[in-house]
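Subject: Structure handover and notes

Dear colleague,

I am passing the structure below on to you, together with my notes on it. Please look through the sequence and the coordinates before you read further.

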Amino acid sequence: MKHKLCDLSDVPLEGSILVPFFGREVHIYRAGNSYRAAANICLHFGGPLECKDGHFVCPWHGASYGMASGERLSGPAPKTSKLMFLSTEVDETALYYIWAD
Ligand code: FES
C-alpha cells in the first residue's frame with residue numbers, strides 16, 4: 001500500500017517542507033540523493049520541530065536532532081532517541097509513504 005506525501009518538485013534543495021499526514025505532520029527533505037520523511041514530533045514531550053541550520057530543533061525545551069540520522073544531538077530528549085522516519089519510495093514525480101498490509 002502507498003500514500004502520496006508530496007511532489008518531488010515541492011521539496012526544497014535545503015530545509016524541509018511540512019506535509020499533513022493522517023492528522024499529524026511530516027517533514028520532507030533531501031538527504032544526499034534520497035528523500036527523508038520524519039514525523040514532526042520531538043521525542044522529549046512531543047513538541048513540534050523546526051528545521052534550522054541543517055538540524056531539527058524543538059522550540060519547547062531546545063532538543064536538537066540530526067537531519068540525516070534523526071539522532072538526538074542535544075537537549076532533554078533521551079540520549080539514544082531518534083526521530084521517527086517513514087518508509088518511503090519515489091517514482092518519477094512524487095514521494096510516497098509505503099506500508100505492507
Ligand atoms: S518537547 Fe521538545 S524539547 Fe521538550
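The notes below go from the overall build to the sheets, the hairpins and the nonpolar cores.

Please keep in mind throughout that this is a predicted model.

Overall build

The protein has ten strands and zero helices, and its pattern along the sequence accordingly reads β-β-β-β-β-β-β-β-β-β. For 101 residues, a compact globule would be expected to have a radius of gyration near 13 Å, and the protein agrees with that expectation because its own value is 13 Å. The C-alpha trace spans about 40 × 30 × 20 Å along the principal axes. Of the 101 residues, 36% count as buried, and the accessible surface comes to about 5,900 Å², with 53% of that area belonging to carbon and sulfur atoms. If one takes the contacts with a separation of 6 or more, 36% of them are between residues 24 or more positions apart.

The two open sheets

As general background, the strands of a sheet pair through backbone hydrogen bonds, in either a parallel or an antiparallel manner. In this model, four strands form an open sheet in the order S5-S6-S7-S8, and the pairing there is antiparallel. The edges of this sheet are taken by strand S5 (50-52) and strand S8 (72-74), each of which has a single partner strand, so one side of each is left without a neighbour in the sheet. On average, neighbouring strands of this sheet are turned by 40° against each other, direction ignored. Within the sheet, strand S7 (residues 64-66) runs antiparallel to S8 and is joined to it by two bridges, and Ser64 has Ser74 in S8 as its bridge partner.

Another open sheet, of three strands, has the order S1-S10-S9, again with antiparallel pairing. Its edge strands are strand S1 (2-7) and strand S9 (88-90), each pairing on one side only, and neighbouring strands in this sheet are turned by 30° against each other on average, direction ignored. The pairing between S1 and strand S10 (residues 94-98) is antiparallel and extends over five bridges, with Cys6 standing opposite Leu95 in S10.

Hairpins and positive phi values

Strands S2 and S3 pair in the antiparallel sense over six bridges, and Pro20 stands opposite Glu25 in S3. The hairpin that these strands form has two residues between them, and Phe22 takes a positive phi near 50° there. Phe22 is not a glycine, and its place is the loop between strand S2 (16-21) and strand S3 (24-31). Is Phe22 buried or exposed? With a relative accessible area of 57%, Phe22 is exposed.

S3 also pairs with strand S4 (residues 34-39), in the antiparallel sense and over six bridges, and here Arg30 stands opposite Tyr35 in S4. S3 and S4 form a hairpin with two residues between them, in whose turn Gly32 has a positive phi of about 65°.

A further positive phi, of about 50°, is found at Asp53, which is not a glycine. Asp53 lies in the loop between S5 and strand S6 (55-57), and it counts as exposed because its relative accessibility is 78%, where the cut-off for exposed is over 50%.

Nonpolar cores

It is a general tendency of soluble globular proteins that nonpolar side chains are buried together. The largest nonpolar core in this model has 13 residues, and the members that touch the most others are Leu5, Val26, Ile28, Leu86 and Leu95. Two or more residues of this core come from each of the elements S1, S2, S3, S4 and S10. Which residues is Leu86 in contact with, leaving aside its neighbours within four places in sequence? Leu86 is then in contact with Leu5, Phe21, Val26, Ala37 and Tyr97. A second core, separate from the largest one, has eleven residues, including Tyr29, Cys42, Leu49 and Tyr65.

With kind regards

Conventions: Residues are numbered from 1 along each chain as its sequence is written. This is a predicted model: local features need pLDDT of at least 70, side-chain atom pairs count only at pLDDT 80 or more; totals for chains, interfaces and linings use all residues. Side-chain values use heavy atoms; hydrogens and water are left out. Two strands pair if DSSP finds at least two bridges between them. Axes are lines fitted to C-alpha atoms, for helices over the stretch in contact, and angles run from 0 to 180 degrees between N-to-C directions. Buried means under 20% relative accessible area, exposed over 50%, partly exposed in between (1.4 Å probe, protein chains only). The radius of gyration is taken over C-alpha atoms; the globule rule is 2.2 Å times the number of residues to the power 0.38. Contact means heavy atoms within 4.5 Å. Accessible areas come from the Shrake-Rupley method with a 1.4 Å probe; for residues, only the protein chains shown count as cover. A nonpolar core is a set of buried Ala, Val, Leu, Ile, Met, Phe, Trp, Tyr and Cys residues joined through side-chain atoms within 4.5 Å.
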